[in-house]
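Could you open the structure in your viewer and keep the selection tool at hand? We will take a friendly walk through it, one stop after another.

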Amino acid sequence: MPSKSLLLRGFKAEAERKSEKYRVELGISKFDALDAFLLAKHLNIQIFTVKEIFKDNYEHPGYSILTNPSKFNAMWMPACDGNKIIIHNDCHSLYRQQSNLMHELSHIIEGHEIPSKAAQLC
């Protein structure tokens with residue numbers, strides 16, 4: 001019996017088209033890796049590490065979940081100026097960071113919204 005896909009019909013093809021579009025804009029071959037940091041810069045999305053966000057309070061026990069590689073990957077949110085930012089855990093391997101960042105970038109590219117209460121940080 002064939003398995004049911006959780007993705008909508010045409011989703012993968014559309015994702016490939018978007019990926020190819022960004023590769024063309026960045027001058028990258030469709031066979032080369034698409035670097036998440038480069039794509040974020042191209043899309044004018046700033047990336048911060050947890051350490052950069054919490055600076056002096058980094059060791060605070062309340063933030064330990066954000067610095068634990070098994071508990072926090074990354075998140076995106078709107079900045080007060082309306083631009084979007086990504087906060088990520090740089091304790092992960094570089095490969096995992098790429099995956100985490102691409103996941104968050106895909107939410108932004110697809111126009112996903114965050115709940116209105118979360119957007120009221122400014």
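The tour below goes from the whole chain to the sheet, then to the cores and a few single residues. Please keep in mind that this is a predicted model.

**Stop 1: the whole chain**

Begin with everything shown as a cartoon. The chain holds five helices and three strands, and reading along the sequence gives the pattern α-α-β-α-α-β-β-α. Now switch on the surface. The accessible surface comes to about 9000 Å², and 56% of it belongs to carbon and sulfur atoms. Of the 122 residues, 25% count as buried. How much of the contact in the chain links residues 24 or more positions apart? Among contacts with a separation of 6 or more, such pairs account for 48%.

**Stop 2: the sheet**

Select residues 46-49 and 74-78, which are β1 and β2, and add residues 84-88, which are β3. Together the three strands make an open sheet in the order β1-β3-β2, with mixed pairing. β1 and β2 stand at the edges with a single partner strand each, so each has one side left without a neighbour in the sheet. Tilt the view a little: neighbouring strands here are turned by 25° against each other on average, direction ignored.

Next, show helix α5, residues 94-109. This helix packs on the sheet and touches β1, β2 and β3, and its direction makes about 155° with that of β3.

**Stop 3: β1 beside β3**

Keep β1 and β3 on screen. These two strands run parallel and are joined by four bridges. Which residue of β3 is the bridge partner of glutamine 46? Click on isoleucine 85 to find that partner. Then look at isoleucine 47, which stands opposite isoleucine 86 in β3. As you follow the side chains, remember a general pattern: in a regular strand they alternate between the two faces of the sheet.

**Stop 4: β2 beside β3**

Bring β2 back. β2 and β3 pair in the antiparallel sense, over five bridges. Two pairs to label are methionine 75 with its partner isoleucine 87 in β3, and proline 78 with its partner lysine 84 in β3. The two strands form a hairpin with five residues between them. In the turn, pick out glycine 82, whose phi is positive, about 95°.

**Stop 5: isoleucine 85**

Is isoleucine 85 buried or exposed? With a relative accessible area of 11%, isoleucine 85 is buried, because buried means under 20%. It sits in strand β3. Four of the five residues of β3 are buried, so the strand is largely enclosed by the rest of the structure.

Show what surrounds isoleucine 85. Leaving aside neighbours within four places in sequence, its contacts are Ile45, Gln46, Phe48, Met75, Trp76, Met77 and Ala79. Try the distance tool on phenylalanine 48: its C-alpha atom and that of isoleucine 85 are separated by 7.5 Å, although the two residues are 37 residues apart along the chain.

**Stop 6: two nonpolar cores**

Now select Leu39, Ile45, Ile86, Leu105 and Ile108. These have the most contacts inside the largest nonpolar core, which has 13 residues. α2 (36-42), β2 and α5 are the elements that give two or more residues to this core. Zoom in on isoleucine 108: leaving aside neighbours within four places in sequence, isoleucine 108 is in contact with Ile45, Trp76, Lys84 and Ile86.

Another core, of five residues, lies apart from the largest one. Val50, Met77, Ile85 and Ile87 are among its members.

**Stop 7: two loop residues**

First select histidine 92, in the loop between β3 and α5. Histidine 92 is buried, with a relative accessible area of 9%. Which residue shares a polar contact with the side chain of histidine 92? The side chain of asparagine 100 does, at 2.9 Å.

Finish with asparagine 44, in the loop between α2 and β1. Asparagine 44 counts as exposed, at 53% relative accessibility. What is special about its phi? The value is near 60°, which is positive in a residue other than glycine. For background, most residues other than glycine have a negative phi.

How values were computed. Residues are numbered from 1 along each chain as its sequence is written. This is a predicted model: local features need pLDDT of at least 70, side-chain atom pairs count only at pLDDT 80 or more; totals for chains, interfaces and linings use all residues. Side-chain values use heavy atoms; hydrogens and water are left out. Two strands pair if DSSP finds at least two bridges between them. Axes are lines fitted to C-alpha atoms, for helices over the stretch in contact, and angles run from 0 to 180 degrees between N-to-C directions. Contact means heavy atoms within 4.5 Å. A nonpolar core is a set of buried Ala, Val, Leu, Ile, Met, Phe, Trp, Tyr and Cys residues joined through side-chain atoms within 4.5 Å. Buried means under 20% relative accessible area, exposed over 50%, partly exposed in between (1.4 Å probe, protein chains only). A polar contact is a pair of N or O atoms within 3.5 Å; within protein, one must be able to donate a hydrogen and the other to accept it, and residues adjacent in sequence count only if both atoms are side-chain atoms. Accessible areas come from the Shrake-Rupley method with a 1.4 Å probe; for residues, only the protein chains shown count as cover.
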